[in-house]
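Trainee: I have this model open on my screen and would like a close look at a single part of it. Could you pick one residue in the middle of things and walk me outward from there?

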Amino acid sequence: MAEAGVIDVEVAWARDGQVQSFALQLQAGATVADALAAAAQRSGQMLGAEQDVGIWGRQQPRNTILADGDRVELYQPLKVDPKKARRERFAKQGARRAGLFSRRRPQSKQGYGA
């Protein structure tokens, strides 16, 4: 439990496929930017100046004031659009081997599964 005027915050990010995180104690009224600066100083790594950030999975601006117990997360940009990746996977597998068309009962309508 934190002292009066101090909040406990966790900062987490992914680097090389591994999640790294730091538990920090900051002054009440600290912002997301303050937490990132403290984590960068403690870790010795430059934390994404351009990356999107959020609190508990919801994107937030860097001037958001933190509450006790918040988890600040740095988000990496997507390498491939998920919709495009799904379309490419579907095209590679073929329409008869994927999705709704993969298994059909004899005499059933097209698009309906088993």
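Mentor: Happy to. Let's start at Val 11. Setting aside the residues within four places of it in sequence, Val 11 is in contact with Gln 20, Ser 21, Phe 22, Leu 24, Ala 35, Leu 36, Ala 39 and Val 72. Keep in mind as we go that this is a predicted model. The mean pLDDT of the protein chain is 79, with 75% of its residues at 70 or more. Among the elements, β5 has the highest mean pLDDT, 90, and helix α2 (residues 82–93) the lowest, 82.

Now for what surrounds Val 11. The largest nonpolar core has 17 residues, and Val 11 is one of the four that touch the most other members, along with Leu 26, Leu 66 and Val 72. Two or more residues of this core come from each of β1 (6–15), β2 (18–27), α1 (32–43), β3 (52–55) and β5 (71–75).

Let's place those elements in the chain. There are two helices and five strands, and along the sequence they follow the pattern β-β-α-β-β-β-α. The five strands form an open sheet with mixed pairing, in the order β2-β1-β5-β3-β4. At the edges are β2 and β4 (58–59), each of which pairs on one side only. Helix α1 packs on this sheet, where it touches β1, β2, β3 and β5, and its direction makes about 115° with that of β2.

Back to Val 11 and the strand beside it. Strands β1 and β5 run parallel and are joined by three bridges. The bridge partner of Val 11 in β5 is Val 72, a residue that also appears in the contact list of Val 11. On to the next pairing: β3 and β5 are antiparallel, with four bridges between them. Here Ile 55 stands opposite that same residue of β5, Val 72. One step further, β3 and β4 also run antiparallel, joined by two bridges, and Gly 54 stands opposite Gln 59 in β4.

Next along β5 is Glu 73. With a relative accessible area of 14%, Glu 73 falls under the 20% cut-off and so counts as buried. Its side chain reaches the backbone nitrogen of Gly 57 at 2.8 Å. Apart from its neighbours within four places in sequence, Glu 73 is in contact with Ala 12, Asp 52, Val 53, Gly 54, Trp 56 and Gly 57.

Thr 64 is another polar residue to click on, in the loop between β4 and β5. Its relative accessible area is 17%, so Thr 64 is buried as well. Beyond residues up to four places away in sequence, Thr 64 touches Ala 30, Thr 31, Val 32 and Ile 55; you will remember Ile 55 as the residue opposite Val 72. The C-alpha atoms of Thr 64 and Ala 33 are separated by 8.2 Å, although these residues are 31 apart along the chain.

Now swing over to the edge strand β2, which holds Gln 20, one of the contacts of Val 11. Gln 20 is partly exposed, because its relative accessible area of 26% lies between the cut-offs of 20% and 50%. From Gln 20 to Ser 43, 23 residues apart along the chain, the C-alpha separation is 9.6 Å.

Gln 27 is also in β2. At a relative accessible area of 56%, Gln 27 is over the 50% cut-off and is therefore exposed. Leaving out neighbours within four places in sequence, Gln 27 is in contact with Gly 5, Val 6 and Ile 7. Gln 27 and Leu 66 are 39 residues apart in sequence, and their C-alpha atoms are 9.7 Å apart in space. Leu 66 should be familiar by now, as one of the core residues that touch the most other members.

Finally, step back to the whole chain. Of its 114 residues, 27% count as buried. Among contacts between residues at least 6 apart in sequence, 38% join residues at least 24 apart. If you go back to Val 11 once more, its contact with Val 72 and their pairing across β1 and β5 make a good place to start exploring.

Definitions and conventions: Residues are numbered from 1 along each chain as its sequence is written. This is a predicted model: local features need pLDDT of at least 70, side-chain atom pairs count only at pLDDT 80 or more; totals for chains, interfaces and linings use all residues. Side-chain values use heavy atoms; hydrogens and water are left out. A nonpolar core is a set of buried Ala, Val, Leu, Ile, Met, Phe, Trp, Tyr and Cys residues joined through side-chain atoms within 4.5 Å. Buried means under 20% relative accessible area, exposed over 50%, partly exposed in between (1.4 Å probe, protein chains only). Contact means heavy atoms within 4.5 Å. Two strands pair if DSSP finds at least two bridges between them. Axes are lines fitted to C-alpha atoms, for helices over the stretch in contact, and angles run from 0 to 180 degrees between N-to-C directions. pLDDT is the predictor's confidence in each residue, from 0 to 100. A polar contact is a pair of N or O atoms within 3.5 Å; within protein, one must be able to donate a hydrogen and the other to accept it, and residues adjacent in sequence count only if both atoms are side-chain atoms.
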